[in-house]
Structures are given as structure tokens and as C-alpha cells.
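Trainee: I'm new to this structure and would like a close look at a single part. Could you walk me through one spot and tell me how far to trust what I see?

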Amino acid sequence: MDASTQATPVVVTTSPGGKFIPLALVAGLFFILGFVTWLNGSLMPYLEEVLTLTPVHASLILFAFYVSSTLVAIPSVSLIARVGYKNSMALGLVGMALAALTFIPAAMAHSFELFLLAQFLMGASLTLLQTAVNPYVVKIGPEESAAVRISVMGMLNKGAGIVAPMMFTALILSGMSHAGSTPTEEERKAMAGSLILPYLGMALCILAVALIVKLSSLPELNLESEDAGEVRDSGFHFKESLAHPNLVLGVFALIFYVGVEVIAADTIGSYGRSIGYENYTSLTSFTMTFMLIGYGLGISLIPRFISQANALLVSAVLGCLLSLAIVFGDNQSTALADVLLVPFGLPALPNTLVFIAMMGLANAIVWPAVWPMALSGLGRLTGTGSALLVMAIAGGGILPVLLNTLASHEEVGRQSAYIIALPAYLFILFYAAKGHKIKRWKK
């Protein structure tokens, strides 16, 4: 997930020319957010093998991570109001470090339940960090160039998604000799143990960043009302927000979007493993690469050559086509990779894996496009709308579980189960074409 835009006007108390360090620090935080998030694409198939999990049980690893956003988003808003944005970012980082440390007893005990707890704690802490850091992207710098900053932060987020699987493969899979065969119980224990040092290192690095944030001169954000004469109102107006169809439909669009984004990035490894692709933990990097290409196209083309709404429309259509291509694709042919990947020195992936990776291209600009459409016209309800949109991240836990539940039926199978992405993209298509324009419910 990328930089979400809480559009409540904000005054940043910083001197002219003093925005480089805050932006650099925020950029670093978005890299961390991306690294931790997209590490799941390698972790899920790895734990599926280490703990001999069924695909449905393995998808609970994603569910525990993403569902925490629904439970923590609103409390995060309250905490930020109490202790401030900078302190909340530091607390989010400390929570992420503690979650990383929880992976150590989980690995030592070979415990699926402890891994789920670690994932939930990581997702909850990440939600607090994301809720606190997102407004800086919009408010540090001119508002008219906010979309560019959102896209740049998104590129850092997805760039981390390329690095994380590579580091996971290098640090954790190095020395494993069972590739291509079923590991023994001893090898599974060794595989679990190989997680300990990397996660200890991650915890220490994140704690160091938390200290840097706490001691930094990062400016605080001072929230003000949209109308200078209006009394500041920071309440959570849930029922009132439901009167805005563009927000409600936007929440559902993001639920579906985050679901297909996680399917593209975090199930590609499990699917690659199921069809015998040996280096399955690195596959998330391909999805993230296509997402980076999508961000680059978005920055170059929007709004100069194509409107934001039309770009969202094109993305949804592409997602629909790719969903069908995966279901009917060839697991043996590498014709697509021979054209798109091999000339650049990349491996010859089966067509189906390339189609899954290309979903990253379809997904790239959905998040930054939906946010402004969903928050349009909300006024003092913007804070509530933002919290609801953050809660939509739970879709990343729901759709993969549904996909793997569908895949567990013998008459369907893993490949055909990807048809579940089609209705998700169709809803995003509806939102792009009509849903975001609806300002009042019909009586």
C-alpha cells in the first residue's frame, strides 16, 4: 500500500528550505513500510513448506497481517491525536521491532500460532506508522505537487518490494540443499532456525530508525479546520460519513484493490512453488518491478496526457484481462518471458507467472487514484474518511484466503482460482467509470 492522503489542511512548522531532511526521513520510512509488507510474498510460501501448511492455512499468514489494519486504524487516529505524529511514528517502529523479535521464539518453537501472532503485531504496528507518516507526504511541500510525492513514495515502497525477496532468498535460502525435493523434518527445523538472525537484525535496524525519528527535527503537523471560521472537530463521524457514496464505494474499491495487490505480490511465490518453480521466494520482485513501471507511467502521463479517472479505468480493464489470462494461461510455455524478461538477463518464467506479475502494472496507480476521489467533498469528515480507507487494507487478508479456499477444491485448482480477481477489478472499473461521481444516495 502506498501513501494515503489525509486531505485535512495542515500547517507544517518548518523553515523555508528545511524540507529536505523531513522528506528524506519520510522516504526512508516508506521504504521500511514496503520492505516489511512485501516480505510476506517470500515468507508465506517459505512457511508453507517449513510448517507443511495447506494453502488455506498459509494464507492466514497474510490474513493476520492485513486484518490488523481494520482493528488498529481508528485507535491509531486517537493515539496520534494524543501524542502527535512524530511520536506515533516512533511508537509504530518500536512495535514493528518487537514484532520482528517475536519471530525468533516462533522459529525456535516451530509454532504456526506464534508466527500468526508475530504477523498480527507487525501489521498492527505498521498500520500505526502508516497512519502517522502518510500526511507528511501531502503536507511537506506544495499541495499542487502532492500527487508527484505520493507516486515517488509509492515507488520507494514498491522498490523495497524488489529488494526484500532478494534479501530473503540470499540470507535465508542460502545453504539450503533440498531445493526441488520435499525437505525432511530436520531440514524443516533448520529452515525455521534460519529466520532467527535475519529477524534479529531487522529488529535492531528498525529500533535504530525509531531512535532517529524520535530525536529528529521532523516538524509536527498542526491540523486545522478546512474553514478558518469553523470550530475544529476531530470526532469520528461514522454514520455521517456513510452519507457520501463516493467514500463508501471508494472503501470497497480499496478492499478489492488491496486484495488483488496482495494476490499479485504475495501468492505468486506459492503458485510458483506449486508448479515446480525452484526459486519461488524471489518471485514477488517481478510483481514489484511491474508496479514500479506502472508508477513511472503514472508520473509521466497523469494528468498531462490522461486524467486520473481514465487512468484508473485503463488499469481496471488491464486487470480484468490479466485475470482471464492467468486462468487460461500455459504453465509450460515461456514465450512471454522470452520477450519481456530474458532479453534483460532475467529468468524465463512460465506465462502464468508473468501474467500474475503483470497484475502489478494494473495495480500501480489504483491506490493514489482512489484516495482523492473517495475523499472529495468530505470537508470536516476527511479524517473519518481517511481512517475508513486505511481500514480497507484488510482486503489484503480476505481475498487471498478466499483464493486459496477456492483453490483447495479439486475441481477448481490453484490456477483457476485466480478468477476471483476478475470481480474485484470489475468493481474498480465501476468505481472509475461511475462510482466516484456519485455524491448522494438515491432515495
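Mentor: Here is a look at one aspartate, followed by the confidence scores and the cysteines. This is a predicted model, where local features need pLDDT of at least 70, side-chain atom pairs count only at pLDDT 80 or more, and totals for chains, interfaces and linings use all residues. Residues are numbered from 1 along each chain as its sequence is written, and side-chain values use heavy atoms, with hydrogens and water left out.

Let's start with aspartate 266, which sits in helix α10 (residues 245-266); helices are DSSP runs of H or I, at least four residues, numbered from the N terminus. Aspartate 266 is buried, at 0% relative accessibility (buried means under 20% relative accessible area, exposed over 50%, partly exposed in between, with a 1.4 Å probe and protein chains only). A polar atom of its side chain lies 3.1 Å from the backbone nitrogen of glycine 41. Beyond four places in sequence, aspartate 266 has contacts (heavy atoms within 4.5 Å) with Thr37, Trp38, Asn40, Gly41, Met44, Leu62 and Tyr66.

Now for trust: pLDDT is the predictor's confidence in each residue, from 0 to 100. The protein chain averages 83, and 87% of the residues score at least 70. Still, pLDDT stays under 50 over residues 223-235 and over residues 3-17. Where pLDDT is low, the predicted coordinates should not be read in detail.

As for the cysteines, the structure has zero disulfides (pairs of cysteine sulfur atoms within 2.5 Å). Cysteine 205 is exposed at 52%, while cysteine 320 is buried at 10%.

Notes: Helix = DSSP H or I, 4+ residues; strand = E, 2+ residues; numbered from the N terminus. Polar contact = N/O pair within 3.5 Å; in protein donor to acceptor, adjacent residues only side chain to side chain.
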